[in-house]
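Work through the following exercises on aromatic contacts with the sequence and the coordinates at hand. Each task is followed by a solution that goes step by step.

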Amino acid sequence: MELNEIIARMHSQKLYFCNDEKLVSEQLERLELLYDFNQTRPSEQEKRRAMLREMFAELGEGCYIEPPFHANWAGKYVHFGDKVYANFNLTLVDDTHIYVGNNVLFAPNVVVTTATHPVHPSLRSRKGQYNAEVRIGDNAWIGAGAIILPGVTIGENSVIGAGSVVTKDIPSNVVAVGSPCRVMREINEKDMKYYYKELEIDLT
């Protein structure tokens with residue numbers, strides 16, 4: 001199978017073999033970029049931004065990723081809106097597209113994966129794989145250690161609690177936690193008055 005045929009299958013939820021030599025060679029070139037990004041010094045902010053613009057499919061204004069950053073394709077299929085912030089150890093398994101809106105926050109050690117494998121061992125032993133896009137809406141906050149699985153959409157403004165495993169879509173304007181992740185409550189007027197327990201917001 002030609003490389004362009006394999007890549008087309010990667011983005012259409014069809015099975016392919018991820019150990020194909022042509023695909024591995026293409027991926028290694030991308031990982032060289034990722035390696036260089038992770039070797040940058042904290043003072044090299046503009047260099048980091050330039051590298052991310054080269055690495056990502058789309059990168060909005062004011063985005064920041066704290067190294068180390070991990071991605072199967074170094075962000076080739078990642079689309080960030082404006083002012084996305086990612087703390088250290090963000091892992092994007094970007095074997096197909098990941099769409100992230102504006103003002104999204106990623107806490108440390110978040111994993112967003114688009115890739116998965118067939119259950120039957122005969123296909124898995126041959127490195128069979130298929131992928132499904134992930135979408136994260138504007139102003140979402142993904143808590144530390146959360147794992148977002150293939151095909152999931154998270155609505156705008158929603159908060160995913162630390163350590164959650166998100167297996168299904170999460171609507172907008174909610175707080176959701178757990179494994180599997182479930183909606184705990186809607187974001188409401190109280191959240192405009194108190195930022196933590198009974199501590200009142202005193203900044204405007």
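The exercises below concern aromatic rings and their surroundings. The model is a predicted one, in which local features need pLDDT of at least 70 and side-chain atom pairs count only at pLDDT 80 or more, while totals for chains, interfaces and linings use all residues. Residues are numbered from 1 along each chain as its sequence is written, and side-chain values use heavy atoms, with hydrogens and water left out.

**Exercise 1.** Determine how many aromatic pairs the whole structure holds, and classify the pair of F56 and F69.

Solution. Rings of Phe, Tyr and Trp (its six-membered ring) pair if their centres lie within 6.5 Å, and planes under 30 degrees apart count as stacked, over 60 as edge-to-face and the rest as tilted. The search of the whole structure returns six such pairs. For F56 and F69, the centres are 6.0 Å apart and the planes enclose 45°, which makes the pair tilted. F56 belongs to the loop between helix 3 (45-55) and strand 2 (58-59), and F69 to strand 4 (residues 69-71), so this contact ties together parts 13 residues apart in sequence; helices (H or I, at least four residues) and strands (E, at least two) are DSSP runs, numbered from the N terminus.

**Exercise 2.** Classify the pair of F56 and F80, and decide whether F80 is buried or exposed.

Solution. With 5.0 Å from centre to centre and 75° between the planes, F56 and F80 are edge-to-face. F80 is in strand 5 (residues 78-80), 24 residues from F56. Buried means under 20% relative accessible area, exposed over 50%, and partly exposed in between (1.4 Å probe, protein chains only). F80 is buried at 4%, as is F56 at 6%.
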